[in-house]
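Look over the structure below. A set of questions and answers follows.

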Amino acid sequence: MALTGTHERSSKFLKDLGIYAIGNLGSKIITFAMVPLYTFFVKERSDFGYYDLCLTVIFLIMPFVTLQLRDGAFRFLLETHDRNQRTRIITFIYRTLLTSIVLSLVATIMLAMFTSIAYVWYCLLLLIAMSLFEVIAQVARGLGNNKDFVAAGIISSLSIGVFSIVLVAFCGMGIKGIFLANILARFAALVYLECRLHIVATYFKFNITIGQVGRDILKYSLPLLPGSLCWWLTGSSDRWFINHFLGLDVNGVYAVAFRFNGIILTLSTIFYQAWQETAILQYNSPDRDKFFSKMFNSYVGLLAILLTAYTFTLKMFYPIIVDANYQESASYLYPMGISAVIFSLAAFFDMGYQCAKDTPRTLPAIILAAIVNIVCNYLLVQQLGVYGAIATSIISYLVLFFYRLNDMKRYFKLSFYPRTAIAIAVILIGAIPYHYLNQWWQLLLYMVVACAVALMAIPKETIDELLAKISLKKGVTNNNNRK
């Protein structure tokens, strides 16, 4: 049910933002801590590069195993509170997912009979664990259990940390230890979700008739499959070009920088998850365009602050937290951060397709971006090395952004605030001091000034609402303390 007041909508968004922030930040801090561990205990950069390629292939295959049911699960469960309808939705999703996993097992057995691929069974187990977790976590979220969704993410990341320390640091299992840590962590989170929510016991029925809802979910989810392939080409094909032209060693270094860059993507995911729920519920509001415009312009300012604060702080501490074998990856962080910012802004426009359930229209832009990505990677990686791959990502995401910016006019109309140009300038100009300043006090001084300037780009209304929310929470806390 849509909220009618601007304050109510903003309050709900900020509440959801806080919930997702706790989960994503907590989990990402743990994942962040694992990067130094891996770089110190996996000395061969080529080994880490090979693991990264395996992970890249898993991300390619996973949408075809899940049939993008993670998206269908959230979208269809969110809009219904009818128990019978939820039972049909979840039963269909679980049946389809289990069938897909069995087929994946058969395919892997056949592959193992005729080829010799290192770690193939570890890859299969990780594929199954990640597929189950991705879909079931979205089922929990679609049922309105945001806190349990967040808790599952924290449990998964915490378990990765614990298992990695045991298997990689103490047992010296290397890449096998990393695989096993990630597999066991996902299953630990799945056990938590089932014990907490009893999804299978409550909603999964063998003999229920699915009816039209199964066809509706597939109609929504299947068009996202070609898009997922193109997303993979746009976001992951660079590893294959780097490996082909530059070697596994360089790919290992690039993989470290990419994982640190994942912090920016994770923080933008916090916004995306909260925004996704708010946008769907508020899509039919009479002042939708005004509300969406405020959110977009605020988002640009927040991303400028995030990019500056994160990359400059990381550069100050990089020599301490990363092994000497991987130090050169520091120079890639800021330009990779710019590509992450552009991707995050392009992802903002996903909401138009999701709100209108018009997912087939996502394909043209993604296909175009994927083609641009492949061509540019082929041309630029040979000439510019890793920077060619980063430049390719920036170009591809810019193509995606401008295409979607124009396409979104059919769903909602955005207004750009003049002060948003300040945030864009901060993002672009920051690349210069990042590469030329090396003293910690220089980096700190620039970071503080740039963040203060970027803060001016955030609409005053957004800042006032955020301060009011903080003040309200502080007041409630003080009252509770008095009691």
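**Fold and confidence**

Buried residues account for 54% of the 483 residues in the chain. The model is a predicted one.

Q: How many helices and how many strands does the chain have?
A: The secondary structure of this predicted model is helical. Strands number zero. The helix count is 20.

Q: What share of the contacts with a separation of 6 or more joins residues 24 or more positions apart?
A: Contacts are sorted here by separation along the chain, starting at 6. Those between residues 24 or more positions apart make up 86%.

Q: What is the mean pLDDT of the chain?
A: pLDDT reaches 70 or more in 89% of the residues. The mean over the chain is 84.

Q: Over which residues does pLDDT stay under 50?
A: Coordinates should not be read in detail where pLDDT is low. The stretch in question has zero contacts beyond four places in sequence. It covers residues 473-483.

**Helix packing**

Q: Which is the relation of helix 4 to helix 5, roughly parallel or roughly antiparallel?
A: Helix 4 spans residues 83-114 and helix 5 spans residues 120-142. Their axes lie 11 Å apart, at an angle of about 170°. Angles over 145 degrees count as roughly antiparallel. Therefore helix 4 is, relative to helix 5, roughly antiparallel.

Q: How many residues in the contact of helix 4 with helix 5 are nonpolar?
A: From helix 4 the contact includes Ile-90, Ile-93, Leu-97 and Ile-101. From helix 5 it includes Trp-121, Leu-124, Ile-128 and Val-135. Four residues of the contact are polar and one is charged. The nonpolar residues number 17.

**Salt bridges**

Q: How many salt bridges does a search of the whole structure find?
A: Side chains of opposite charge can pair when their charged atoms come close. The search of the whole structure gives a total of eleven.

Q: How many residues apart are Arg-239 and Asp-52?
A: The side chains of Arg-239 and Asp-52 form a salt bridge, 3.0 Å from N to O. Arg-239 belongs to helix 10 (residues 224-245), and Asp-52 to helix 2 (residues 45-66). The pair thus links distant parts of the chain, and the separation is 187 residues.

Q: Is Asp-52 buried or exposed?
A: The cut-off for buried is under 20% relative accessible area. Arg-239 has 4%, so Arg-239 is buried. Asp-52 has 1%, so Asp-52 is buried.

Q: Which residues are joined into one network by salt bridges that share partners?
A: Arg-239 also forms a salt bridge with Asp-238, with the closest N and O atoms 3.2 Å apart. Asp-238 is buried, at 2% relative accessible area. The shared partners join Asp-52, Asp-238 and Arg-239.

Q: What relative accessibility does Arg-70 have?
A: Glu-134 and Arg-70 form a salt bridge, their closest N and O atoms 3.0 Å apart. It joins helix 5, which holds Glu-134, to helix 3 (residues 69-78), which holds Arg-70. Glu-134 is partly exposed at 26%. Arg-70 counts as partly exposed, at 26%.

**Loops and single residues**

Q: Where does Gln-68 lie?
A: Most residues other than glycine have a negative phi. Gln-68 is not a glycine, yet its phi is positive, about 60°. Gln-68 is buried, with a relative accessible area of 11%. Its place is the loop between helix 2 and helix 3.

Q: What is the relative accessible area of His-198?
A: His-198 has a positive phi, near 55°. It lies in the loop between helix 7 (175-197) and helix 8 (199-203). His-198 is partly exposed, at 41%.

Q: Which residues does Thr-392 touch, not counting those up to four places away in sequence?
A: Thr-392 is in helix 16 (residues 386-407). At 0% relative accessibility, Thr-392 is buried. Its contacts are Asn-373, Cys-376, Asn-377 and Leu-380.

Q: What distance separates the C-alpha atoms of Val-57 and Cys-123?
A: Val-57 is in helix 2. It is partly exposed, at 29% relative accessibility. Beyond four places in sequence, Val-57 touches Trp-232 and Trp-240. Val-57 and Cys-123 are 66 residues apart along the chain, and their C-alpha atoms are separated by 9.0 Å.

Notes: Residues are numbered from 1 along each chain as its sequence is written. This is a predicted model: local features need pLDDT of at least 70, side-chain atom pairs count only at pLDDT 80 or more; totals for chains, interfaces and linings use all residues. Side-chain values use heavy atoms; hydrogens and water are left out. Axes are lines fitted to C-alpha atoms, for helices over the stretch in contact, and angles run from 0 to 180 degrees between N-to-C directions. Helices (H or I, at least four residues) and strands (E, at least two) are DSSP runs, numbered from the N terminus. Angles under 35 degrees count as roughly parallel, over 145 as roughly antiparallel, 65 to 115 as roughly perpendicular and the rest as oblique. Contact means heavy atoms within 4.5 Å. Ala, Val, Leu, Ile, Met, Phe, Trp, Tyr, Cys and Pro count as nonpolar, Asp, Glu, Lys and Arg as charged, and the others, Gly among them, as polar. A salt bridge is a side-chain nitrogen of Lys or Arg within 4 Å of a carboxyl oxygen of Asp or Glu. Buried means under 20% relative accessible area, exposed over 50%, partly exposed in between (1.4 Å probe, protein chains only). pLDDT is the predictor's confidence in each residue, from 0 to 100.
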